[in-house]
Amino acid sequence: LVVGTESMTRNPIAAFDHRTGFKLGSPVGFKDFMWEALKDPAAGINMIQTAENLAKKYNITREEVDQFASDSFAKAVAAQAAGFHAGEIVPVVTEKFELEGYIPRGIKLQGKVIEVNADTHPRISPADVLGKLRPVYEGGVQTGGNSSALVDAAAACVVTSGSYAKANGKKPLARVVAAAAVGVPPEIMGIGPAPAIRLLLERTGLKLSDIGRFEINEAQGAQTLAVAKELGLDVSKLNVNGGAIALGHPLAATGVRLTITLARELQRSGLRYGISSACVGGGQGIALLIENQEAA
Ligand SMILES: CC(C)(COP(=O)(O)OP(=O)(O)OC[C@H]1O[C@@H](n2cnc3c(N)ncnc32)[C@H](O)[C@@H]1OP(=O)(O)O)[C@@H](O)C(=O)NCCC(=O)NCCS
């Protein structure tokens, strides 16, 4: 059972230095857990700055990033309207979990909301509207509109052997063929998917053109564009149902989310091979090749 969960809206802000009390007059120090996740202490920069480094290295303009983001939003909205995303979402409702002898626990949705059954960040976002947003860094290309959204989510799937599935009459969504993980310089961590995908292809003897669909996490718009440029990727095969700029990047849940979306997209389009891939803060890239066996 492979599970990832992340609540970015409930990331705590904690004081680590005061276990033994506060010294009168000295500063009280708080740390934001989310910032801890988005800052690289080795490179001394945050994730947005790693994308800015890639924008410079690959000559990616603000206009290109906004257009890419706008397309991601449009694809996500269209896929939602077509009912694609609903096929992989378990609605969250107000509910109680009770077990004799224990205090009941549960989920309580806010206000009058009775069910959350769709991602809430996607919205039509024309490039000229995104173009008006203030960059996070003066003169930079990344904004709140063309970077992955900070969201709450969980994702889960079951991975088993082919023989177990067959013996128990289970029909797998996809076959896991191979995986690859690589290290890259932390200050350009976002390029990670490019060498990871290259290594994966080398290991499996496949060509880029053999891959029908790519789900590459859109940590930041410039980051994904840099990966696409580095690989010479056909972007019409990339994140065809929208990416993390529109749907969000709940850090720990993203890997499973990308791969489930990819498996379902391969089934929808009748294509055989797909690669899901993500960059990893700290300087890594990871990629997974899956196969839609019905198209084999
Ligand atoms: C980029 C980032 C710093 C922005 O954070 P933020 O400043 O809190 O962003 P907000 O959600 O407030 O958005 C900024 C503005 O853009 C607007 N905006 C965001 N998306 C928009 C859209 N699709 N259309 C129009 N406006 C939009 C917001 O309404 C907000 O406007 P306001 O300032 O008038 O309120 C943050 O989202 C981030 O770090 N994302 C990337 C995370 C990451 O790197 N993850 C990968 C780790 S490897």
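In the predicted model, Asn59 counts as exposed because its relative accessibility of 61% lies over the 50% cut-off. This residue is placed in the loop between helices H2 and H3, and its phi is near 50 degrees, a positive value in a residue other than glycine. Most residues other than glycine have a negative phi. A second residue with a positive phi is Asn239, for which the angle is near 45 degrees; Asn239 lies in the loop between H7 and H8. Asn239 is buried, because its relative accessible area of 1% falls under the 20% limit. Just after H7, Gly232 likewise takes a positive phi, of about 70 degrees.

The loop between H7 and helix H8 (244–247) also holds Lys237, a residue that is buried yet has no salt bridge. The nearest side chain of opposite charge to Lys237 is that of Asp234, at 4.8 Å, a distance that lies outside the 4 Å cut-off for a salt bridge. When residues up to four places away in sequence are not counted, Lys237 touches Leu208, Ser209, Ile211, Gly212, Arg213 and Phe214. The contact with Phe214 appears again from the side of that residue, whose partners, leaving aside neighbours within four places in sequence, are Ile197, Leu208, Leu233, Lys237, Leu238, Asn239 and Ile275. Both Lys237 and the buried Asn239 are thus listed among the contacts of Phe214.

Phe214 belongs in turn to the largest nonpolar core, which has 41 residues. Those with the most contacts inside this core are Phe214 together with Ile60, Ile191, Ile197, Ile211 and Ile275. The largest share of the core, six residues, is contributed by helix H7 (residues 221–231). H7 is mostly covered, with nine of its eleven residues buried; the buried positions are Gly221, Ala222, Gln223, Thr224, Leu225, Ala226, Val227, Ala228 and Leu231. The elements that cover these buried residues include the helices H2 (47–57), H3 (62–81), H6 (193–204) and H8, as well as the strands S12 (213–216) and S13 (273–280).

At the surface, Val92, Phe97, Ile107, Val113 and Val116 make a nonpolar patch of about 360 Å². Of these residues, Val113 is found in the loop between strand S8 (105–107) and strand S9 (115–116). Val113 counts as partly exposed because its relative accessibility is 40%, a value between the limits of 20% and 50%.

How values were computed:
Residues are numbered from 1 along each chain as its sequence is written. This is a predicted model: local features need pLDDT of at least 70, side-chain atom pairs count only at pLDDT 80 or more; totals for chains, interfaces and linings use all residues. Side-chain values use heavy atoms; hydrogens and water are left out. A nonpolar core is a set of buried Ala, Val, Leu, Ile, Met, Phe, Trp, Tyr and Cys residues joined through side-chain atoms within 4.5 Å. Buried means under 20% relative accessible area, exposed over 50%, partly exposed in between (1.4 Å probe, protein chains only). Helices (H or I, at least four residues) and strands (E, at least two) are DSSP runs, numbered from the N terminus. Contact means heavy atoms within 4.5 Å. Lys and Arg count as positive and Asp and Glu as negative; His and the chain ends are not counted. Patches are made of residues with over 30% relative accessible area and no salt bridge: like charges are joined within 9 Å, nonpolar side chains (Val, Leu, Ile, Met, Phe, Trp, Tyr) within 5 Å. Accessible areas come from the Shrake-Rupley method with a 1.4 Å probe; for residues, only the protein chains shown count as cover.
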